[in-house]
Each structure stands twice: as C-alpha cells, then as structure tokens.
Amino acid sequence: METAARARLGAAGLLGLCCLLAYPANWNYIAVLWIFGFAVFRENPKKQWSFFGLVTLLYVLQYFVYGSTLPVWLRPFVLLCVPLLLCYNHTLGRRSKVLQWGYYLFYPAHLLVLTLLREIFTRL
C-alpha cells in the first residue's frame, strides 16, 4: 500500500474514531465533521462552506432519524455562527501561556460548576 493511501486510511480511521467518541456529547459527530471540513479544505473556502452546509443539513436531518429534545425548528440557528466565521482573517491571535492554561483550566471548571448547580437545583 502506498504511503499516501496509508495516510488517508489512517486519517479516515482517526476521523471515524473521533466521531464515535464524540457521539454521546451534545454536538456528537457534527462538531467533529465541521472541524474536519474547515481544516481539510482550508485552502478552498467554497469547499469549506459546501462541506459546512452539508454537515449542517445532516444535523437538521438527524432530528428525523434519532429524535431530539431540541425542536427541529431551532436546529438551523447554528447558521448564526457563519458571520463570525467569515470575520476570521487567517492569522493567529496573541499567544500566551497564561491564556492557554487559563482556558484549559476554565473549561472543565465551568462544566464542574454547572454540574454541581444542576445537582443542587434538581434536589430542591
């Protein structure tokens, strides 16, 4: 097997594994596919947005296959992120170890606080 073909197969396997691992999460495999599409097609904005639209359509159609507690009419609102994504100028922002580790600590900490609050309020 060619090296390039082996690399593509490995990338497809890794993408599949990430989708499976993300499945129980709120955005499940949809977020993984969005990130994948923006990375793979970074040199071609038309393909990026086509892939984003296709994955968003999957997200809306997913409601009819699996059902959801989120009403189907709310799902297209994910498209409200498009104007923000169009503002991206392809340059890195400030790099700081303090900000980096602050985000690494903040994210799990805020989830822990929200979980604790949920537990407190469901017991009331």
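This passage describes two pockets, one helix and a few single residues of a predicted model.

Residues are numbered from 1 along each chain as its sequence is written, and side-chain values rest on heavy atoms, with hydrogens and water left out. Since the model is predicted, local features need pLDDT of at least 70 and side-chain atom pairs count only at pLDDT 80 or more, while totals for chains, interfaces and linings use all residues.

A good place to begin is helix α1, residues 3-22. Helices here are DSSP runs of H or I with at least four residues, numbered from the N terminus (strands are runs of E with at least two). The expected span of a helix is 1.5 Å times one less than its number of residues. For the 20 residues of α1 this gives 28 Å, and the end C-alpha atoms are indeed 28 Å apart, so the two values agree. Which residues of α1 are buried? They are L15, C19 and A22, where buried means under 20% relative accessible area, exposed means over 50%, and partly exposed is in between (1.4 Å probe, protein chains only). These buried residues cover an arc of only 75 degrees around the axis, which puts them on the same side of α1; the arc is that of the directions from the helix axis to the C-beta atoms. A general rule helps here: an α-helix has 3.6 residues a turn, so residues three or four places apart point the same way. On the face turned away from the buried side of α1 sit the exposed residues T3, R6, L9, L14, L20 and L21. Helix α2 (28-40) is included in what covers the buried residues of α1.

Two single residues add detail to this picture. C18, also in α1, is partly exposed, with a relative accessible area of 34%. Its C-alpha atom is separated by 9.5 Å from that of N28, 10 residues apart along the chain. In helix α2 lies F36, which counts as partly exposed at 30% relative accessibility. Not counting residues up to four places away in sequence, F36 touches L15 and F51, contact meaning heavy atoms within 4.5 Å. The C-alpha atoms of F36 and R94, 58 residues apart along the chain, are separated by 24 Å.

The pockets come next. On a 1 Å grid over the protein atoms alone, a pocket is an open set of points where a 1.4 Å probe fits, with protein on both sides within 12 Å along at least five of seven lines; lining residues have an atom within 4 Å of a point. Grid points are joined across faces, edges and corners, and a volume is the space filled by probe spheres set on the points.

The largest pocket holds about 290 Å³ of space. Of its 14 lining residues, N26, N28, Q62, S68 and R75 are the closest to its centre. Helix α3 (residues 45-66) gives the most to this lining, with three residues. Q62 belongs to α3 and, at 9% relative accessibility, counts as buried. Leaving aside neighbours within four places in sequence, Q62 is in contact with N28, Y29, I30, G67 and R75. By type, the lining of the largest pocket divides into seven nonpolar, six polar and one charged. Here Ala, Val, Leu, Ile, Met, Phe, Trp, Tyr, Cys and Pro count as nonpolar, Asp, Glu, Lys and Arg as charged, and the others, Gly among them, as polar.

The second largest pocket has a volume of about 160 Å³. Its lining is made of F38, P45, Q48, W49, L85, L86, Y88 and H90, which divide into six nonpolar, two polar and no charged. The largest share, three residues, comes from α3.
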